[in-house]
Amino acid sequence: MIETLLLVLVCIIIGGLLSSLAVHLMPVGGAPAAMATATGIATGCVMLMTGAAVTGLFTASTVASFWVTKPNVILVALSGAVGSMLMMGFTMFVGNLIYIFGAGIVPCSGRVAVDPITKESQTEYKTPRTDGHGVPPASFVSGILGGFSGGFGGALIYVVLVSDSYAHFSVATAGIVAMGIFIANAIIAAYNIGGTIEGFHDPKFKARIRTGLTCSLIVSVLCGVIIVIAMLTGTLAGGVM
Amino acid sequence: MLFAWMLILAFLAFIACMFEDLESDIGSQSNPNSQIQLAPEMGYIHRYFNKAISGEGLSYALSCTISGTIAMLILLQLESVGPKAAILAIPVGAAVGSLVHMVRSSVCHVGREAAHKRFEQPIYLDVLYGHLLPIATHNFLAVICITAIAYIQSNLGILSGVAGASNPFPLPLLCLIWGLTVGAIGSSTGDIHYGTERAFQDKPFGEGRRVVYHGQICRYADCGVRTSKDVAAFCAKYGGPATGLAFGLIVLFENWRTVIGMTLGGLAGPGWNPSLAAAWGIGIGIVIAVVLVILARTLEKWARNKYGPFVGE
């Protein structure tokens with residue numbers, strides 16, 4: 001029993017940390033990106049990451065139902081990760097289609113002079129008095145990795161909560177609790193980022209990732225302890241929904 | 001049969017996200033709302049509808065969950081009628097969700113515009129009345145499609161005749177999931193066409209909107225003064241359909257790779273291997289992601305070569 005409780009706690013902490021890492025990897029431009037005044041996707045960190053994570057959660061729930069009992073944790077988590085990754089990929093790709101064909105803008109970074117992946121110069125393509133625009137290749141790859149990390153984290157929390165080998169919550173309760181833990185971590189990470197970020201190559205990422213992960217660790221431990229208490233007392237066993 | 005339902009889901013997703021984006025354009029919700037909010041402060045008195053109930057994801061999650069909950073209640077009440085009850089349950093649910101959305105829109109617009117009194121921005125009653133119906137109707141179409149998607153996915157096993165194809169989440173939770181996603185995508189993609197192009201149509205084409213332009217929105221239409229309804233007519237030509245395409249492709253490929261995985265894993269037969277089915281789904285998904293990265297790079301390279309470096313001051 002204690003091993004199971006510890007395993008659930010550890011999985012929730014890992015899931016929470018991966019969620020926080022994911023939000024830091026997202027190329028988020030917020031409202032300025034909608035006016036092509038900043039590089040990244042034109043929405044907020046929490047909105048984007050939650051959208052991606054729940055897409056992954058949907059696929060994870062379908063894949064988890066492949067097994068009558070005891071779903072394979074790694075395969076379900078990976079299915080969620082790939083689902084989030086695809087959501088991010090299509091969103092960024094269509095976003096770039098609108099920037100390029102709808103507004104005639106070349107995607108370029110505003111934070112680095114050279115794209116770390118393609119090694120191509122960015123500065124001369126940037127509109128003066130903006131912080132870059134569109135989703136350049138480094139940000140695209142960062143977003144894909146972020147989607148993978150966030151989807152894996154969210155689906156990992158879900159599968160340990162729903163599995164009859166671990167927490168054995170009902171499907172709906174496990175889904176809502178996983179979403180709740182994910183959103184708590186995403187909001188903390190969004191506060192840590194404080195505005196826009198371009199991805200792993202952004203100097204902000206290096207400067208703030210430690211603080212973000214530390215805060216996420218605290219939040220995830222708290223969430224994990226609450227889940228463990230719910231498991232011990234049987235409050236959510238079998239589900240309240 | 002499973003593939004046929006999958007295509008219906010993708011089509012519904014396309015319609016849902018397109019109308020979600022156009023509805024957010026009509027109401028100036030989400031990110032470009034910052035410009036509508038800033039305009040009176042910069043001396044730009046306007047006739048745009050101004051609502052930012054919340055982020056689009058949360059706003060649509062609420063509308064869709066209300067719709068899904070009402071639909072499920074009706075379905076439970078009419079259980080004896082069978083699947084035909086969905087013909088009544090889904091539109092009624094979506095109508096209630098849209099009505100609630102319309103109420104929130106009207107309160108939000110009036111509240112925001114009243115706060116602009118200090119900048120001499122009036123509350124135009126014709127703008128308020130004239131936009132509520134388009135907001136409600138566009139919202140209705142988005143919500144009805146999302147509720148239909150959720151209904152099909154939660155009953156896919158029965159509808160397609162393939163055991164185990166249904167999603168285990170209940171209808172309202174699926175509505176919440178797809179409501180969040182449709183809002184997040186509409187906010188991330190479609191807003192660009194409105195915020196970058198339509199809201200600043202009198203500024204030079206082909207450049208990012210400089211910070212000095214912020215708040216200086218385009219207030220005149222082809223004929224007369226522009227309202228948010230003119231924005232929808234413009235964005236329906238590119239931004240809206242492109243946004244619909246994003247969500248449609250996500251739903252299509254997410255379902256497609258799962259179904260292909262299920263088929264290769266021995267679909268509901270004696271040789272059913274869940275690990276193999278999941279592994280195939282993951283593998284196909286990774287291949288699609290790699291193709292997307294290559295496509296994105298090709299597109300960016302094409303844009304760099306075609307448009308060239310920034311020219312001007």
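These are my notebook entries on a predicted model with chains A and B.

**Entry 1: chain B overall**

I started with chain B and tallied its secondary structure, which comes to 10 helices and zero strands. Reading along the sequence, I just get α-α-α-α-α-α-α-α-α-α. I then looked up the extent of the C-alpha trace of chain B, and it spans about 70 × 55 × 25 Å along the principal axes. For burial, I found that 52% of the 313 residues of chain B count as buried. I also checked the sequence separation of contacts in chain B: taking pairs at least 6 apart in sequence, 76% join residues at least 24 apart.

**Entry 2: where B touches A**

Next I went to the contact between the chains, which takes 70 residues from chain B and 67 residues from chain A. Which helices of chain B each supply at least two residues to its side? I noted α2 (33–38), α7 (171–197), α9 (239–264) and α10 (274–307) of chain B. The largest share of that side comes from α10(B), with 21 residues. Sorting the chain B side by class, I have 37 nonpolar, 23 polar and 10 charged residues.

**Entry 3: α5 against α6 in chain A**

Over to chain A and its helix pairs. A reminder to myself: two packed helices are described by the angle between their axes and the distance between the axes. For helix α5 (residues 137–162) and helix α6 (residues 171–193) of chain A, the axes come within 9 Å and cross at roughly 145°. I looked up the hand too, and α5(A) passes α6(A) in a right-handed crossing. From α5(A) I wrote down A:Gly153, A:Gly154, A:Ile157, A:Tyr158, A:Leu161 and A:Val162. They meet A:Val171, A:Ala174, A:Gly175, A:Val177, A:Ala178, A:Ile181 and A:Phe182 in α6(A). By class, this contact of α5(A) with α6(A) has 10 nonpolar, three polar and no charged residues.

**Entry 4: α1 against α6 in chain A**

I kept α6(A) and turned to its other partner in my notes, helix α1 (residues 2–25) of chain A. The axes of α1(A) and α6(A) come within 8 Å and cross at roughly 40°, which makes α1(A) oblique to α6(A). This crossing is right-handed. On the α1(A) side, the contact is made by A:Ile12, A:Gly15, A:Gly16, A:Ser19, A:Ser20, A:Val23 and A:His24. On the α6(A) side I listed A:Ile181, A:Phe182, A:Asn185, A:Ala186, A:Ile188, A:Ala189, A:Ala190 and A:Ile193. The class count for α1(A) with α6(A) is nine nonpolar, six polar and no charged residues.

**Entry 5: the sheet in chain A**

Then the strands. In what order do the strands of the open sheet in chain A run? I get β1-β3-β2, three strands with mixed pairing. The edge strands are β1 (38–39) and β2 (108–109) of chain A, each pairing on one side only. I took the two pairings in turn. β1(A) and β3(A) run parallel, joined by two bridges, and A:Ala38 has A:Asp131 in β3(A) as its bridge partner. β2(A) pairs with strand β3 (residues 131–134) of chain A in the antiparallel sense, again over two bridges. There, A:Ser109 has A:Gly132 in β3(A) as its bridge partner.

**Entry 6: A:Ala36 and A:Thr37**

Last, I looked at two residues in the loop between α2 (30–34) and β1 of chain A, beginning with A:Ala36. Buried or exposed, with 30 other C-beta atoms within 10 Å? A:Ala36 is buried, because 20 or more is the cut-off. I also checked A:Ala36 against A:Ala22, 14 residues away along the chain, and their C-alpha atoms are separated by 23 Å. Beyond four places in sequence, A:Ala36 touches A:Tyr99, A:Ala103, A:Ile105, A:Thr130 and A:His133, plus B:Thr196, B:Gly208 and B:Arg209 from chain B.

A:Thr37 sits in the loop between α2 and β1 of chain A. A:Thr37 counts as buried, with 26 C-beta neighbours inside 10 Å. I looked up its C-alpha distance to A:Gly132: 6.3 Å in space, for residues 95 apart in sequence. Leaving aside neighbours within four places, A:Thr37 is in contact with A:Pro32, A:Thr130 and A:Asp131, and with B:Gly208, B:Arg209 and B:Val211.

Note on methods
Residues numbered from 1 in each chain as written. Chains lettered and ligands numbered in written order. Predicted model: local features only at pLDDT ≥ 70, side-chain atom pairs only at ≥ 80, totals over all residues. Axes fitted to C-alpha atoms, helices over the stretch in contact; angles between N-to-C directions. Helix = DSSP H or I, 4+ residues; strand = E, 2+ residues; numbered from the N terminus. Left-handed = near helix turned anticlockwise from the far one by under 90°. Contact = placed C-beta atoms within 7 Å. Nonpolar A, V, L, I, M, F, W, Y, C, P; charged D, E, K, R; others polar. Parallel < 35°, antiparallel > 145°, perpendicular 65-115°, else oblique. Pairing = 2+ DSSP bridges. Buried ≥ 20, exposed ≤ 12 C-beta atoms within 10 Å, placed from the backbone.
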